[in-house]
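Here is a protein chain to explore at your own pace. Turn the picture around a few times, then read on.

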Amino acid sequence: MPGSETKVVPRVVNPLVLGKTAGFLIDRGYCMPTHDMSVAPPARPAEMDRAYEPQQVEQPLYDWWERAGFFAPRDDAPNPPFVISIPPPNVTGELHLGHAMFVTLEDLMIRWRRMQGYRALWLPGTDHAGIATQSQVEKLLRSEGTSREQVGREEFLRRTWEWKAKYGGEITCQLRRLGASCDWSRERFTLDEGLSRAVHTAFKRLYDNGLIYRGAYLVNWSPSLSTAVSDLEVEYETRNVSIWYVRYPIITADWDGPAADWGSGNWAAGATEWITVATTRPETILGDTAVAVAPDDERFAHLVGKYAVLPALGRRIPIITDEYVDKEFGSGAVKITPAHDKNDYEVGKRHDLPMINIMNKDATINAEGGPYAGQDRFDCRKAILADLETEGMLVQTAPHTMSVGISQRGGEVIEPLLSEQWFVRVKPMAEMALAAVQEGRTCIIPERFEKVYFHWLENIEDWCISRQLWWGHRIPVWHMPDGSMVAPHPDEPLPADGVQDPDVLDTWFSSGLWPFSTLGWPEDTPDLRTFYPTSVMETGYDILFFWVARMMMMGCYLTGVEPFHTIYLHGLVRDEHGRKMSKSYGNVVNPLEVMDRQGADALRFTLATSGTPGQDLNLNPQRIEAARNFANKIWNITRFVIGKLDDWRENRTAIPAAVALTLSDRWILSRYHRLLADVGRLMEGYNFGEAGRHVHDFLWSEFADWYVEIAKVQLEGDAERQANTRAILFTVLEGALRLLHPFMPFLTEAAWQYLNPASNATDGAHHTIMLAAYPTADDDHDAAEAEAAFDLLRELIVSIRNVRNEYKVEAARWVAATVVGGPHTAMFQEQAALISRLARVDDAKLDIIATLDEKPRHVAALVIGEIEAFLPLAGMIDLDVERARLAKELETAESDVSRRAARLANANFVDKAPEHVVQREREALESARAALERLRERLAALE
């Protein structure tokens, strides 16, 4: 905090390992500079470079911001805390567009609220990423010719901490490249001492309250990782597979079961009744404990209550009815394998069926698989299909399309597996999280996601929280010699004669505590009292269930209050064609490479302004290029304004009353304050993209394109007009830079430092745009009448420019013009100098009159409402040459209209061509006719 000593969280660092990450020299374990509030801004050339070079600006500025302590919440802030807890990136991670999106939006909010005087805290940290990190270390061990089993748990964890110390800081340094203004002095890690205590405490409380239990249930199993995984860690892809129809023999009075060996071809000899099932996983036949049919399916009514005989194993299994069965799918009969299918598991519970697990943790068949024991699941599939065919029990093989679950980390097909795991009964917590949103204490943006949130929490299932890993928070339960279990409190001694459970907790368990564990919970710390509950949780809509809802549940249950008042959900970033970014498509955009080329601000501005809350964003590279051009435009505007201020900054004068200002002055001030009001409203409504677009349009299309050009004329006036113009140039540009700062922090800081040097500041230690006040609108500058008048003036100037372009008049040529202003004549006469300069009209040949009895000939005529303007063509073009050129264009245009009209008159074309092609031709004909009419009018004007 300003003027105070900052506490740095200790971490493991290997001082010998240094590297460069995207332009930042870092210690890979920790790259936060020491805070020093007296650090001066980075040295810069006395004059601004001709072009903005982000590569020269960004790193020195960020280093200064961080060292100076500007990211810490200020004790002297007049407004209450505004807090965001960063979605902790995986410690193994490398910057991708998802990170770039959340950093852009969260940093935008933090910088905005900080400038508004809130005690803004953006609390950073990283997640230990159990599966991802363990996989990295296991890969390293394999490269050394060993494994985690060989080195043992203690040595494996030592090696993992070593790996984390070496590589764990890279992702946070990459977040810094984007300008993330986090308070890095408070950086947390999900396995650090404080958060580990929070996890242990939470587990103990839930365990004591009967919400944590141990039992055998069906889970997503990753064979290559040998662990259960969460739903989030399962990705689904549509695959073309096969569906096999297999017939099971039925016990009858004449046949009591197989007498021959399996595979002999005579195993079911003598069977007279059969039931055919359809399956996409033949290997799971070995775990069947029933065959189910629909209750109203008359085809099988006579078989219900009888027993089928399981192929290969000879196990008798009942034929039952259940509402789950769709009699229209497959054969209408479904094999029930409760230990290997989620739906079958529920059927098994309803009918009290045995649940037989046929697989080992590595997805090989166990002893329950009989003759297939020891085979890989897919080898078993091939073998059992071959044997079924030998026995005459494989009826049919058909193509089938289905969604297949793939392990996100392991890359293999997920195996639903009955396994003994730790679970949380989440229903009581879910009810609290539901109420927080239903009663309006927490709102979701966009609102439509409330229904999704409600549906998931209302239908929530118990949460499997155990993972068969070594890296993570080990489950704090000890198994005692007498078979009991003890879960001690963190402050209690560990059971001396017990053995700690080998599993670790799901990473999402510790992440669910993130908003309050990072502030010191369960201890009553000053940070927890000051900054909890937090303000906004910003993240992608794709983890609304898996993380956001769990934070809501854990926060409400463990602290008694919802952890944030607003949930802001952004969409996914896709390519310019709307496709998901994928290496297989070759369309992956690396944000580090984008920033190397275009700068962080260009990427940030594009991400912030290309979409709306909750909608996927199609990232067009041309938009990034346009944002880079926008940055350069602002830089050049600033160079121009500074060059025109002379000594005004040292002897500043206030903007006088409106009566002393020109129409252009009053217009730009009114537009500027209207912009401030609009942006303020949009920002408060979380419409950040629209707010950014408003700032862009104002700076480029109004300030740069118009007022800056007008200022060049006004600065040729008397001393008073010059002073007023300089005051307005400075005021509007300086305020617009502050307005834009949350979107483009590097550019705006660099430009602002030149525009408003520290020598003019009253507080040099805080002389940074990020601590300058966010501008607000002043109704005193609302001048609707000036805006309306200026719009007429601008339209006249643009119309004259358009005529010049149409007639291809050289840019250097000054033309003549007669303006018939009607009721606006006096205004146009006052603005004659601007019309002359900006429209390139010779001031000696500019006539501005109220009325005109007879319209002149051989002129280009303009009509703008009540206003008319005439530009003598003789002074702009060679009339004979122009007549010849227009006659030739007229001939071509008439031919084009005739050709298109004939095509549309052809019934064969209209009836057979696609509708969109016909419509396109109709629109082209209308456009061609309009162009033809304009040519006729222009030619007639020359006669």
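What follows is a short tour, from the whole chain down to single residues.

## The whole chain

One thing to know before starting: this is a predicted model. The chain has 943 residues, and 54% of them count as buried. Along the principal axes, the C-alpha atoms fill a box of roughly 115 × 85 × 55 Å. If you go counting secondary structure, you should end up with 28 helices and 31 strands.

How much of the contact in the chain comes from residues 24 or more positions apart? Among contacts with a separation of 6 or more, such pairs account for 78%. As for the outside, the accessible surface adds up to about 40,600 Å², and carbon and sulfur atoms own 49% of that.

## A mixed sheet

Let's look at a sheet with four strands. This one is open, its strands come in the order 29-28-31-30, and the pairing is mixed. Strand 29 (841-849) and strand 30 (859-864) each have a single partner strand, so each sits at an edge with one side lacking a neighbour in the sheet. On average, and ignoring direction, neighbouring strands here are turned by 20° against each other.

Now zoom in on one pair in this sheet. Strand 28, residues 815-820, runs parallel to strand 29, and five bridges join the two. Want a spot to point at? Find Val815, whose bridge partner in strand 29 is Val841.

## An antiparallel sheet

Another open sheet also has four strands, in the order 8-7-16-18, but here the pairing is antiparallel. Strand 8 (227-229) and strand 18 (463-464) are the edge strands, and each of them pairs on one side only.

In this sheet, strand 7 (residues 212-222) and strand 16 (residues 415-424) run antiparallel and are joined by ten bridges. Gly215 is a handy marker: its bridge partner in strand 16 is Gln421.

## A strand with two faces

In a regular strand, side chains alternate between the two faces of the sheet. Strand 14 (residues 333-336) lets you see this for yourself. Ala333 and Lys335 point one way, while Val334 and Ile336 point the other way. Are these residues buried or exposed? All of them are buried, Lys335 included.

Strand 14 has an antiparallel companion in strand 11 (residues 290-293), with four bridges between them. Lys335 turns up again here, as the bridge partner of Val291.

## Helix 20 and its companions

Next, find helix 20 (residues 688-714) and helix 23 (residues 784-806). They pack at an angle of about 85°, and their axes are 13 Å apart. Angles of 65 to 115 degrees count as roughly perpendicular, so that is the label for helix 20 against helix 23. On the helix 20 side, the residues that meet the other helix are Ser701, Glu702, Trp706 and Ile710; on the helix 23 side they are Phe790, Arg794, Ile797, Val798 and Arg801. Sorted by class, this contact has five nonpolar, one polar and three charged residues.

Helix 20 also packs with helix 17 (residues 600-609), at an angle of about 120° and with the axes 7 Å apart. That angle makes helix 17 oblique to helix 20. Here Phe605, Ala608 and Thr609 from helix 17 meet Phe688, Gly689, Gly692, Arg693 and His696 from helix 20. This time the mix is three nonpolar, four polar and one charged residues.

## Two residues up close

Thr104 lies in helix 2, which covers residues 97-115. Buried means under 20% relative accessible area, and Thr104, at 1%, is therefore buried. What does Thr104 touch, leaving aside neighbours within four places in sequence? Its contacts are Arg604, Leu607 and Ala608. You have already met Ala608, one of the helix 17 residues that meet helix 20.

For a residue in a loop, try Arg579, between strand 26 (573-575) and helix 16 (591-598). With a relative accessible area of 35%, Arg579 is partly exposed. Not counting residues up to four places away in sequence, Arg579 touches Arg574, Tyr585 and Asn587. Asn618 is 39 residues away from Arg579 along the chain, and the C-alpha atoms of the two are separated by 8.1 Å.

Key: Residues are numbered from 1 along each chain as its sequence is written. This is a predicted model: local features need pLDDT of at least 70, side-chain atom pairs count only at pLDDT 80 or more; totals for chains, interfaces and linings use all residues. Side-chain values use heavy atoms; hydrogens and water are left out. Two strands pair if DSSP finds at least two bridges between them. Axes are lines fitted to C-alpha atoms, for helices over the stretch in contact, and angles run from 0 to 180 degrees between N-to-C directions. Angles under 35 degrees count as roughly parallel, over 145 as roughly antiparallel, 65 to 115 as roughly perpendicular and the rest as oblique. Contact means heavy atoms within 4.5 Å. Ala, Val, Leu, Ile, Met, Phe, Trp, Tyr, Cys and Pro count as nonpolar, Asp, Glu, Lys and Arg as charged, and the others, Gly among them, as polar. Buried means under 20% relative accessible area, exposed over 50%, partly exposed in between (1.4 Å probe, protein chains only). Accessible areas come from the Shrake-Rupley method with a 1.4 Å probe; for residues, only the protein chains shown count as cover.
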